[in-house]
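Colleague: I am new to reading protein models, and words like "buried" or "stacked" puzzle me. Could you show me how such labels are earned?

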Amino acid sequence: MPPSSEGLSPQPGASPQTTGTPGRNTSTIGAPTAVQPAGPAGPGVPQENAPVVRWIPVGPVGPNDPTSGQRYLLLQQFQCDALARSVEGAGDDAVWLAGAAVCRAVQSGKAEDWERASNAVSATPRIPENQCLEFRVAAMSAMMVAQHRSSPTALKVEPGVGEACPRQLRGLTVVDEQFRPVPGTPRASGPSTGGTIVRLDGYYVRIGEVLFDGVPADAEFVGDREDYGTVYLRMPPANGRSSIRISVTDTVDIAGAVTFFYDNASPPAGTAGTGTPTAGEPTPSNQPSTSAGESSSMASP
């Protein structure tokens with residue numbers, strides 16, 4: 001457990017400074033910057049042979065984070081009470097209150113705190129996977145409560161491994177001028193004259209370049225472009241092409257590529273479905289349904 005810093009909520013535009021705690025990542029904007037927790041101390045300090053569990057990993061978290069990123073950082077750093085205060089009156093507080101309750105229970109090891117944590121986890125609604133940080137918090141909270149039920153002793157908490165939300169482009173959805181998904185489209189396609197608006201589905205922070213068939217393109221963006229916001233493109237004319245393979249760059253490496261097809265053109269070999277990566281491309285897990293109408297990029301609640 002790092003030295004107590006309860007109440008020191010991260011300030012917009014900068015990550016909190018924590019002294020005396022190893023493991024800080026000092027990467028630039030867009031890269032993980034959270035401090036790895038050292039584990040609980042006090043009444044709940046675990047014995048040497050206590051069950052080992054993993055806390056939530058780094059976010060990524062950086063300057064200009066949306067609200068969920070700021071909350072995630074508080075929980076990742078074991079600032080339990082500060083997290084609970086930060087969501088007072090919020091409409092999306094259930095998952096964060098559950099995280100804060102589990103945080104307190106891990107720190108104290110008290111039966112009454114674990115009971116509160118169990119009740120808070122039970123009251124958490126199902127979190128869609130596209131809400132990446134909240135999904136991670138809900139999964140970790142449920143896992144901690146389940147572990148305590150099976151072995152009601154102090155838990156040995158170790159830092160989470162990897163990154164909670166790896167950057168990846170996972171799908172492509174055709175939308176109308178109001179950015180509503182167009183129903184009945186089995187794959188991302190449009191007229192060869194161009195003009196179709198598509199939504200880039202996945203998890204990303206800031207789109208740098210858009211590549212068409214591996215070449216940086218002067219893509220036409222539609223709507224506002226904000227960090228963690230959903231990105232929309234207006235597709236260019238076909239100019240003799242039957243499809244375009246789309247990939248993007250972010251502040252760090254981002255995996256995946258998706259394909260847009262032009263109507264009345266046969267798809268190239270190795271392609272299938274709307275936004276499905278073609279053969280030989282990186283294949284991210286949990287391919288979304290591109291007609292579902294939810295973007296996986298994280299935006300402020």
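Modeller: Happily! A disulfide is a pair of cysteine sulfur atoms within 2.5 Å. Keep in mind that this is a predicted model.

Colleague: How do you know that Cys80 and Cys103 form a disulfide?

Modeller: Set the value against the cut-off. The sulfur atoms of Cys80 and Cys103 are 1.9 Å apart, and the limit is 2.5 Å, so the pair counts as a disulfide. The angle about the S-S bond is -60 degrees, and this link is left-handed.

Colleague: What parts does the pair of Cys80 and Cys103 tie together?

Modeller: Cys80 lies in helix H2 (residues 80–86), while Cys103 belongs to helix H3 (residues 94–108), so the link ties together parts 23 residues apart in sequence. Cys80 and Cys103 are both buried.

Colleague: How many disulfides does a search of the whole structure find?

Modeller: The search finds 2 disulfides. Cys132 and Cys165 also form one, with their sulfur atoms 2.0 Å apart.

Colleague: What makes the disulfide of Cys132 and Cys165 left-handed or right-handed?

Modeller: The torsion about its S-S bond decides. For Cys132 and Cys165 that torsion is about -115 degrees, so the disulfide is left-handed. Cys132 sits in helix H5 (residues 132–150) and Cys165 in the loop between strand E2 (156–158) and E3, so this pair ties together parts 33 residues apart in sequence. Cys132 and Cys165 are buried too. If you number the bonded cysteines of the chain in sequence order, the pairing reads 1-2, 3-4.

Colleague: Why is Leu75 called buried or exposed?

Modeller: Buried means under 20% relative accessible area. Leu75 has 0%, so it is buried. Its place is in helix H1 (residues 67–76). Leaving aside residues up to four places away in sequence, Leu75 touches Trp55, Ile56, Leu83, Gly99, Ala100, Cys103, Val137 and Met140. Notice Cys103 in that list, which you met in a disulfide with Cys80. Gly99 is there as well: its C-alpha atom is 7.0 Å from that of Leu75, although the two residues are 24 apart along the chain.

Colleague: Why are the rings of Phe179 and Tyr232 called stacked or edge-to-face?

Modeller: Two values matter here. The ring centres must lie within 6.5 Å, and planes under 30 degrees apart count as stacked. For Phe179 and Tyr232 the centres are 4.1 Å apart and the planes stand at 15 degrees, so the pair is stacked. Phe179 lies in the loop between E3 and strand E4 (189–190) and Tyr232 in strand E9, so the pair ties together parts 53 residues apart in sequence.

Colleague: And how exposed are Phe179 and Tyr232?

Modeller: Phe179 has 27% relative accessibility, so it counts as partly exposed. Tyr232 has 13%, so it counts as buried. Phe179 has another feature to look at: its phi is positive, about 65 degrees, although it is not a glycine.

Colleague: What makes Phe260 and Tyr262 a stacked or an edge-to-face pair?

Modeller: Planes over 60 degrees apart count as edge-to-face. The planes of Phe260 and Tyr262 stand at 85 degrees, with ring centres 5.2 Å apart, so the pair is edge-to-face. Phe260 and Tyr262 are buried.

Colleague: How do you know that Arg225 sits over the ring of Phe221?

Modeller: The end of the side chain must be within 6 Å of the ring centre and within 35 degrees of the ring normal. The charged end of Arg225 is 3.7 Å from the centre of the Phe221 ring and sits over it. Likewise, Arg187 lies over the face of Phe261, at 4.3 Å from the ring centre.

Colleague: Let us turn to the sheet. What makes E3 and E8 edge strands?

Modeller: An open sheet of 4 strands has the order E3-E5-E9-E8, with antiparallel pairing. Strand E3 (168–175) and strand E8 (220–222) each have a single partner strand, so one side of each has no neighbour in the sheet. From one strand to the next, the twist averages 35 degrees.

Colleague: How do you know that E8 pairs with E9?

Modeller: Pairing needs at least two bridges. E8 and strand E9 (residues 231–234) are joined by 3 bridges and run antiparallel, so they pair. As one example, Glu220 has Arg234 in E9 as its bridge partner.

Definitions and conventions
Residues numbered from 1 in each chain as written. Predicted model: local features only at pLDDT ≥ 70, side-chain atom pairs only at ≥ 80, totals over all residues. Heavy atoms only, no water. Helix = DSSP H or I, 4+ residues; strand = E, 2+ residues; numbered from the N terminus. Buried < 20%, exposed > 50% of the residue type's maximum accessible area, 1.4 Å probe, protein only. Contact = heavy atoms within 4.5 Å. Axes fitted to C-alpha atoms, helices over the stretch in contact; angles between N-to-C directions. Phe/Tyr/Trp six-rings, centres within 6.5 Å; stacked < 30°, edge-to-face > 60°.
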